[in-house]
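User: I would like to go through the metal and ligand sites of this model. Please keep the answers short.

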Amino acid sequence: MKWGLTVKVDIKKSGLENVGTDVLVIFTSKRSPSKNAAVKKGATPAPKTGASVDGVSKAIQAKIQAGLDDSSISGSANEAVLFRDAQVGGARHLLTVGLGDAKSMTHETLRQASAAMVNALKSAKVRSISLALDTLPANRLDADLTVQALTEGALLAEYKFTDYLEVPKEAPVKIETLSIISATKAKGHERGVETGTMVAECVNFARWLGDRPGNRMTPTILAEETQKAAKTSKLKVTVWDKAKIKAEKMGSFLSVSNGSAQEPKFIIMEYNGAASSKRPLCLVGKGLTFDCGGISIKPAAGMEEMKYDMCGGAAVIASMLAIARLKLKVNAIAFVPATENLAGPAATKPGDIVIARNGKSIEVNNTDAEGRLILADALVYACEQKPAMILDTATLTGAMVVALGNTHTGYFTRDNNLSDMIEEASAESGEWMWRMPLTDYHAKDMKGTYADLSNISSSKGAGSATAAAFLEQFVDKDIPWAHFDIAGTAWHCGNRLNYCPSKGATGVLVRTFLAMAEAHA
Ligand code: BES
Ligand code: ZN
Ligand code: ZN
């Protein structure tokens with residue numbers, strides 16, 4: 001498993017004196033406007049804004065006082081102010097990191113604050129950081145999750161895809177250790193670091209799979225990397241080759257691979273953490289390692305981004321790794337149909353009719369709507385496992401990007417209980433979700449003329465919902481199912497999230513799927 005991290009996070013029992021570190025990091029937050037401010041006639045009004053700082057020594061307070069006085073430290077979220085050579089508390093430099101309004105602080109606030117810290121220090125030529133936990137404003141957040149979120153934010157922010165860049169001759173000074181320091185060492189703190197490190201590694205692994213170009217992340221390579229990564233955990237990985245996929249009557253999946261010289265693979269990951277009587281959680285992810293659109297070819301501009309078309313598969317693979325490494329008390333199975341969608345001589349042609357594993361016939365009226373074709377067979381197979389629920393994810397439609405951009409993942413389900421569960425998991429993971437409509441009308445639009453179904457809608461608009469309605473045709477009605485379209489959130493998150501590279505894979509959904517698996521346990 002490779003992701004290029006160098007930072008090691010640990011937890012240390014320490015006050016704010018003699019920390020012996022390159023940088024001491026303290027939190028600031030926005031001062032809440034005082035209710036009693038300036039009520040007395042003639043009294044000097046108390047400042048309504050400005051930063052508050054908790055739990056620091058007089059020496060530290062003195063160092064930052066000027067910054068507080070002139071409001072260059074405001075305490076706003078993700079504000080990072082570096083005092084170089086502050087020489088305070090046994091640290092060379094001092095960094096303040098803002099949390100915004102302390103009252104509305106969540107674990108996501110902390111994840112982002114920690115990322116802001118790493119981002120501010122990336123070019124500061126420091127090796128060690130001490131982050132003062134005791135300077136967090138008093139809050140009701142869970143201690144384990146607090147440390148976990150801080151760990152995740154730092155390690156997620158550190159990820160960079162550098163596999164094909166020249167290694168600099170002289171190694172630059174890099175952040176090597178991040179010590180989360182606290183005067184009182186709570187039991188859960190160690191666990192928070194361990195879990196946070198593990199989660200960040202898995203998310204970064206998903207990113208790394210996504211960031212590899214199509215020629216270096218073929219279906220075969222994706223399967224091999226999955227097998228390699230799973231080695232140190234209790235995961236069983238099975239990979240089906242083309243002959244097996246054919247024998248298993250996955251005609252819809254197979255039809256997408258026809259135009260490619262690369263063999264398709266069907267990746268299966270199984271984890272048994274609960275009694276065998278417990279129904280498994282099934283995850284399904286689109287593993288399209290490169291999508292040129294096939295015969296219905298895409299325009300050249302931006303086509304290179306279609307190397308990210310396997311991010312759904314990557315999210316599912318990384319979620320399974322996380323579930324297994326955390327030894328969750330669940331049974332979980334993942335399916336990743338992996339293939340290229342190219343326009344070689346044997347490629348599927350518009351109008352071709354293919355038969356899915358459940359016997360339904362599909363007119364392929366646009367070969368670029370291939371994600372649904374590969375997911376169809378995977379969903380049928382997932383249903384055969386008698387799962388407790390199925391969650392699938394895919395970079396499925398450009399329409400999703402139009403609808404929600406890169407802020408929210410759109411999800412589709414008709415199951416309100418499952419939707420509640422998704423919303424809770426999303427609140428925990430900090431990954432924004434938006435429930436999208438899925439109705440019988442959308443399903444009607446997907447009927448074929450010469451076959452049971454068409455792979456494109458007969459109506460205009462609602463392209464993400466009609467795609468979801470197509471997928472629904474391959475899921476048994478009594479199985480709770482949700483589909484997550486990550487076309488807009490899986491890569492290039494721009495300025496949206498400071499712990500994601502602005503360009504490149506984001507690893508979205510790993511944390512939400514993990515939270516869902518935890519809720520299912
Ligand atoms: N992989 C694309 C979806 C996509 C587009 C993801 C842009 C991210 C950014 C998918 O296979 C596709 O091409 N879908 C078509 C479907 C259409 C032909 C019905 C689309 O969205 O244009
Ligand atoms: Zn496509
Ligand atoms: Zn695609």
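The questions below take the metal sites, then the ligand.

Analyst: This is a predicted model, in which local features need pLDDT of at least 70, side-chain atom pairs count only at pLDDT 80 or more, and totals for chains, interfaces and linings use all residues. Residues are numbered from 1 along each chain as its sequence is written, chains are lettered from A and ligands numbered from 1 in the order written, and side-chain values use heavy atoms, without hydrogens and water.

User: Which residues are the protein donors of the zinc ion (ligand 3)?

Analyst: Donors are N, O and S atoms within 2.8 Å of the metal (3.2 Å for Na, K and Ca); water is not among the atoms, so sites may look incomplete. Here the protein donors lie 2.0 to 2.4 Å from the ion. Their sequence spacing is K-x4-D-x17-D-x60-E. They are Lys286 (NZ), Asp291 (OD), Asp309 (OD) and Glu370 (OE).

User: What is the arrangement of the 6 donor atoms around the zinc ion (ligand 3)?

Analyst: Six donors count as octahedral if opposite donors are over 155 degrees apart and all others between 65 and 115; anything else is irregular. The 6 donor atoms here subtend angles of 77 to 174°, so the arrangement is octahedral.

User: And what is the arrangement around the zinc ion (ligand 2)?

Analyst: Asp291 (OD), Asp368 (O), Asp368 (OD) and Glu370 (OE) coordinate this ion at 2.0 to 2.2 Å. The spacing of its donor residues is D-x76-D-x1-E. Its 6 donor atoms subtend angles of 70 to 166°, which makes the arrangement irregular.

User: Which residue bridges the zinc ion (ligand 2) and the zinc ion (ligand 3)?

Analyst: The two ions lie 3.2 Å apart. One residue coordinates both. That residue is Asp291.

User: Is Lys286 buried or exposed?

Analyst: Buried means under 20% relative accessible area, exposed over 50%, partly exposed in between (1.4 Å probe, protein chains only). Lys286 has 2% relative accessibility, so Lys286 counts as buried.

User: Which residues come nearest to ligand 1?

Analyst: A residue is near a molecule if one of its heavy atoms lies within 4 Å of it. There are 17 residues around ligand 1. The nearest are Lys298, Asp309, Asp368, Glu370 and Gly398.

User: How far is a backbone N or O atom of Thr395 from a nitrogen atom of ligand 1?

Analyst: An oxygen atom of ligand 1 is 3.3 Å from an N or O atom in the Lys286 side chain. For Leu396, a backbone N or O atom lies 3.5 Å from a nitrogen atom of the ligand. For Thr395, the corresponding value is 3.4 Å.

How values were computed
Four donors count as tetrahedral if all angles lie between 85 and 135 degrees; four count as square planar and six as octahedral if opposite donors are over 155 degrees apart and all others between 65 and 115; anything else is irregular. A polar contact is a pair of N or O atoms within 3.5 Å; within protein, one must be able to donate a hydrogen and the other to accept it, and residues adjacent in sequence count only if both atoms are side-chain atoms.
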